[in-house]
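Subject: Structure handover

Hello,

Here is the structure I promised to pass on. Please open it and keep it beside you as you read.

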Amino acid sequence: MDNTALENRVFNPPAEIAENANAKADIYEWAKKDRLGFWDAHAKELVTWFQPYDKILDDSNPPFYKWFVNGKLNVSYNCVDRHAKSNRRNKAAILYESEIGKKVCLTYGMLYREVNKFANVLAGLGVKKGDRVALYMPMIPEATVAMLACARIGAPHSLVFGGFSPESLRDRINDCGAKVLITSDGNFRRGKPFPLKDNADKAMEDTPTIEKCIVVKNAENEVVMKEGRDLWYHELMATAANYYEPEVMDAEDMLFILYTSGTTGKPKGVVHTSGGYLVQTQATLKYVFDIKEDDVYWCTADIGWITGHSYVVYGPLALGTTVFMYDGTIDYPDKDRMWDMAERYGVTKFYTAPTAIRTWMKWGTEYVKKHDLSAIKILGSVGEPINPEAWMWYRENIGHGEAPIMDTWWQTETGAHMVTPLPGVTPLKPGTATVPFPGIEVDIVDENKNSVNEGYLVVKSPWPSMLRTVYGDDNRYIDQYWKKFGDFYFAGDGAKRDEMGYIWVTGRVDDVLNVSGHRLGTAEVESALVECEEVAEAAVVGKKHEVKGESVCAFVILKDGFEGSPELIEKLKKHVGVKIGPIAKPDDIIFTSSLPKTRSGKIMRRLLRDIAEGRAIGDVTTLADPGAMQEIAAKYAGKE
Ligand code: WTA
């Protein structure tokens, strides 16, 4: 359904927020008149530099842009030292609760101490500036400590989401050549311990660069500690020295690598650097969530995704905010767990994903109504388009009918918010991320780069927190993001513009799926499927799903001599889960004897999506065998 045409509800900013907001309407004028001056002012205001930069932007070698040229800083210094040495010393930096109810509070002073000690631990194991460190961790304070300790040494970290399989972890470790892996004995999921270290052990069977593995004791799981390789975090910390001099880093030195799915089977290591990233994550958080000194800020994203990096760790801690962190499922022991915590901690800013909102909607309002959420002032949404119905439910029930919703469009690659409202300024419409953040130039263009009202979402000029390359593969960086439009960044999303000029992101236009806000390449799932001895060929598409946004739907051709059966469907699903991770498991597997292909052999996924979503099949004239669609459609109908 085209909701851009249907949606005409407009919600103005609440007067109380508008009056005291960090960002007033004139911020757009300022950024428009003097884009680089706008970023320059924020770089000066929000970052403590060891040495000032001599140029704001170096665009002499596109698309390899440099921001805050020759500026020197340390990101961990900005996130902890400067607060620990101020009157924020005893302010809570991290409030943490585990699923089974363990509670931790780390003040900025305490966090500073932990980060310094762990930097000494890493340095003691031979980690130096430039060495890569892999993290495979639950949402525990030690994960934040480890990230900041890496930043302190100047060793780029690469986090791998705890839900990924041993193979996915292994591939990512090997791609970046990590020297150390930091993991945990596990964490709790629905009251049961989840064996993270066992997965790490499987991955480390084939990771030649890993020298040491540091294990945080968290779940009291039995783990095997390999002599000479595996070390306990708490034992190392017990004897670590209290101070580690922060490494002087260049603005363009690498801060981290984060892998994300692309259009080919191999995930890309997105590279982020230090200066620009720290400027834009802070500026966006300050204005979009209107961060104030007494906020209790909760972003529910896992630390293993970009939202966790930018808006659980770096942005909020650099601003000296109190961050609440929860490690566990959202319905344990009951479906009101989230609201129970939001009430107990007095959460004021809450940032989550549409898939979670749709889950809460399905459960009904009784769980929310049990709790007093009146402290909540601003809500956020990220990860996929939010449907107007979910938007309204979120505002009514979590935002007590008045909290503005910041629908933030951005990506692993953009590092920070790009298209988003501002809470005190932007009239909101349910379902749209509205307008570009000040200082960001976004447009919608057609194949020929003309500005249009429906087409490809692009960024027209470099921005501070942009990715700098794909780790070890500059060509892939160019091909993926810059080949299509030259000097415009191609985001891979489609978008529409409405009569107010608001941007409605409609979803990926490339072969990337968005399942519960997680990016998955169709090629990744397809290559997992064809690894099975029964499978000759596979094509994967995203199918609209009420809660997940999209679910994985696979069309599979079997090799001669094999027959489709419910057992085989289960086997293939399980294989994908083991190979990539549970999020990649197909909901539907359909056996067919052919796939719709163009004469040049390219699979027409658009047509398969038509079948999966029950639409009339689109234009088949470019197919090599137009009749193929009939058979597939019949097979699909038979399945249901
Ligand atoms: C999608 C997550 C619509 C989009 C920060 C993008 C969104 C991909 C929104 C990036 C939004 C993210 N509205 N779509 N507010 N936010 N997306 O790299 O397709 O995990 O390209 O970064 O999620 O996913 P990633």
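Below are my notes on the domains, a sheet, a hairpin and a few single residues.

**Ground rules**

This is a predicted model: local features need pLDDT of at least 70, side-chain atom pairs count only at pLDDT 80 or more, and totals for chains, interfaces and linings use all residues. Residues are numbered from 1 along each chain as its sequence is written, and side-chain values use heavy atoms, with hydrogens and water left out.

**What the record says**

UniProt lists three stretches of interest here, each in an unreviewed entry. UniProt positions are given in the numbering used here, feature names are shortened, and annotations may be inferred rather than shown by experiment.

- Residues 26–79 are listed by UniProt as "domain: Acetyl-coenzyme A synthetase N-terminal". This span is 46% helix and 19% strand, and its end C-alpha atoms lie 29 Å apart.
- Residues 82–463 carry the UniProt annotation "domain: AMP-dependent synthetase/ligase". Here the figures are 31% helix and 22% strand, with 26 Å between the end C-alpha atoms.
- Residues 524–602 are placed by UniProt under "domain: AMP-binding enzyme C-terminal". That span is 27% helix and 32% strand, with its end C-alpha atoms 16 Å apart.

Helices (H or I, at least four residues) and strands (E, at least two) are DSSP runs, numbered from the N terminus.

**Two domains and their interface**

The protein chain is also divided into domain 1 (15–440) and domain 2 (516–638). These bounds come from an automatic or database domain assignment. The two centres, taken over C-alpha atoms, are 34 Å apart.

How many residues of domain 1 are in contact with domain 2? The count is 23 residues of domain 1, against 19 residues of domain 2. Contact means heavy atoms within 4.5 Å. The area buried between the domains is about 1,500 Å², and carbon and sulfur atoms give 46% of that. Buried area is the accessible area (1.4 Å probe) that two parts lose on being put together, summed over both.

The rule finds 2 salt bridges across this interface. A salt bridge is a side-chain nitrogen of Lys or Arg within 4 Å of a carboxyl oxygen of Asp or Glu. Look also at Lys579 and Glu167: their side chains meet in a salt bridge (2.5 Å, N to O).

**Sheet and hairpin**

Strands of a sheet pair through backbone hydrogen bonds, either parallel or antiparallel. In these notes, two strands pair if DSSP finds at least two bridges between them.

One open sheet has 8 strands in the order 12-11-8-6-7-14-15-23, with mixed pairing. Its edge strands are strand 12 (230–232) and strand 23 (469–470), and each pairs on one side only. Inside that order, strand 8 (residues 180–184) and strand 11 (residues 212–216) run parallel over 5 bridges. Ile182 stands opposite Ile214 in strand 11.

Now go to strand 28 (residues 535–545) and strand 29 (residues 549–558). They pair in the antiparallel sense over 10 bridges. They form a hairpin with 3 residues between them. Glu537 has Ile557 of strand 29 as its bridge partner.

**Around helix 12**

Is helix 12 buried or exposed? Of its 13 residues (306–318), 13 are buried, so helix 12 is largely enclosed by the rest of the structure. Buried means under 20% relative accessible area, exposed over 50%, partly exposed in between (1.4 Å probe, protein chains only). Gly320 follows the helix, with a positive phi near 75°.

Two buried residues touch this region. His83 sits in helix 5 (residues 75–84) and has a relative accessible area of 3%. Its contacts beyond four places in sequence include Leu317, Ala318, Leu319 and Gly320. Leu285 lies in helix 11 (residues 275–288), and its relative accessible area is 0%. Leu285 touches Tyr311, Gly315 and Pro316, among others. Leu285 and Gly315 are 30 residues apart in sequence, yet 6.5 Å apart in space, C-alpha to C-alpha.

**A loop residue**

Thr264 lies in the loop between strand 14 (254–260) and strand 15 (268–273). Thr264 is partly exposed, at 39% relative accessible area. Leaving out residues up to four places away, Thr264 touches Arg476 and Ala523.

Best wishes
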